[in-house]
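Let's take a walk through this protein together, one element at a time. Keep the sequence and the model side by side as you read.

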Amino acid sequence: MERLGLHCWITGRVQGVWFRQATREQAEYHNVSGWVCNLPDGRVEAVLVGEPNAVRQLEAWLSVGPELARVADVEVTLIDEPESFDGFEVR
């Protein structure tokens with residue numbers, strides 16, 4: 001099965017607006033594994049691994065985020081050899 005891995009950094013008003021929890025819910029909905037965490041500089045960082053179409057759908061959602069978020073930018077790097085994760089965790 002083909003897998004796609006993306007490393008994402010999301011900027012804007014993305015902390016304190018349920019961004020990480022909503023990302024986990026979206027990841028579980030799309031059957032994408034990985035993790036999401038807040039960074040000290042105010043960004044959110046995420047690693048997404050799964051079926052390419054599902055990962056791309058979650059990537060698109062990141063540019064919008066939950067209702068209270070105001071996403072300014074999403075920087076994405078392709079992961080050459082994505083590791084396997086057991087589900088999706090908020091770190």
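Is Asn-38 buried, partly exposed or exposed? With a relative accessibility of 29%, Asn-38 counts as partly exposed. Please bear in mind that this is a predicted model, and that the values below are computed from it.

Asn-38 is a good place to start, since the unreviewed UniProt entry gives the feature "active site" at Arg-20 and Asn-38. These two positions are spread over 19 residues of sequence, yet they cluster in space, with a largest C-alpha distance of 7.7 Å. Asn-38 is found in strand S2, while Arg-20 lies in helix H1. Arg-20 is partly exposed too, at 28% relative accessibility. Leaving aside residues up to four places away in sequence, Asn-38 touches Gln-15, Arg-20, Arg-43, Val-44 and Arg-91. Arg-20, with its neighbours within four places left aside, is in contact with Val-36, Cys-37, Asn-38, Val-90 and Arg-91. Arg-91 thus appears among the contacts of Asn-38 and among those of Arg-20.

Now for the wider setting. The same unreviewed entry carries the annotation "domain: Acylphosphatase-like", which covers residues 5-91. Over residues 5-91 the chain is 26% helix and 39% strand, and the C-alpha atoms at the two ends are 18 Å apart.

Helix H1, the home of Arg-20, runs over residues 19-30. Its 12 residues reach 16 Å from the first C-alpha to the last, close to the 16 Å expected at 1.5 Å a residue. Which residues of H1 are buried? They are Phe-19, Ala-22, Thr-23, Ala-27 and His-30. Looking down the axis of H1, you will find its buried residues within an arc of 140 degrees, so they line one face of the helix. What do these buried residues pack against? Their partners are strands S1 (4-13), S2 (33-38), S3 (44-50), S4 (70-78) and S5 (88-90), together with helix H2 (52-62). H1 is followed by Asn-31, whose phi is positive, near 60 degrees.

Strand S3 deserves a look of its own. Seven of the seven residues of S3 are buried, so the strand is largely enclosed by the rest of the structure. In a regular strand, side chains alternate between the two faces of the sheet. In S3, Val-44, Ala-46, Leu-48 and Gly-50 point one way, whereas Glu-45, Val-47 and Val-49 point the other way, and all are buried. S3 pairs with S1 in the antiparallel sense over seven bridges, and Gly-50 of S3 is the bridge partner of Leu-4. S3 also pairs with S2 in the antiparallel sense, over six bridges. There, Trp-35 stands opposite Val-47 in S3.

The hairpin of S2 and S3 has five residues between the strands, and in it Gly-42 takes a positive phi near 100 degrees. Arg-43 sits in the loop between S2 and S3 and is partly exposed, with a relative accessible area of 24%. With neighbours within four places in sequence left aside, Arg-43 is in contact with Trp-9, Ile-10, Thr-11, Val-14, Gln-15, Cys-37 and Asn-38. That list brings us back to Asn-38, one of the two "active site" positions in the UniProt record. Arg-43 and Val-71 are 28 residues apart in sequence, and their C-alpha atoms are 9.9 Å apart in space.

Val-90, a contact of Arg-20, lies in strand S5 and is partly exposed at 33% relative accessibility. Apart from its neighbours within four places in sequence, Val-90 is in contact with Arg-20, Gln-21, Arg-24 and Val-36. The C-alpha atoms of Val-90 and Cys-37 are separated by 6.0 Å, although the two residues are 53 residues apart along the chain.

Cys-37 leads to a last question: how many disulfides does a search of the whole structure find? The search finds zero. Cys-8 is in no disulfide, and the nearest cysteine sulfur, that of Cys-37, is 12 Å away. A disulfide here requires two cysteine sulfur atoms within 2.5 Å, so a pair must meet that cut-off to count. Cys-8 is buried, with a relative accessible area of 0%, and Cys-37 counts as buried at 12% relative accessibility.

Terms used:
Residues are numbered from 1 along each chain as its sequence is written. This is a predicted model: local features need pLDDT of at least 70, side-chain atom pairs count only at pLDDT 80 or more; totals for chains, interfaces and linings use all residues. Side-chain values use heavy atoms; hydrogens and water are left out. UniProt positions are given in the numbering used here, feature names are shortened, and annotations may be inferred rather than shown by experiment. Helices (H or I, at least four residues) and strands (E, at least two) are DSSP runs, numbered from the N terminus. Buried means under 20% relative accessible area, exposed over 50%, partly exposed in between (1.4 Å probe, protein chains only). The expected span of a helix is 1.5 Å times one less than its number of residues. The arc is that of the directions from the helix axis to the C-beta atoms. Contact means heavy atoms within 4.5 Å. Two strands pair if DSSP finds at least two bridges between them.
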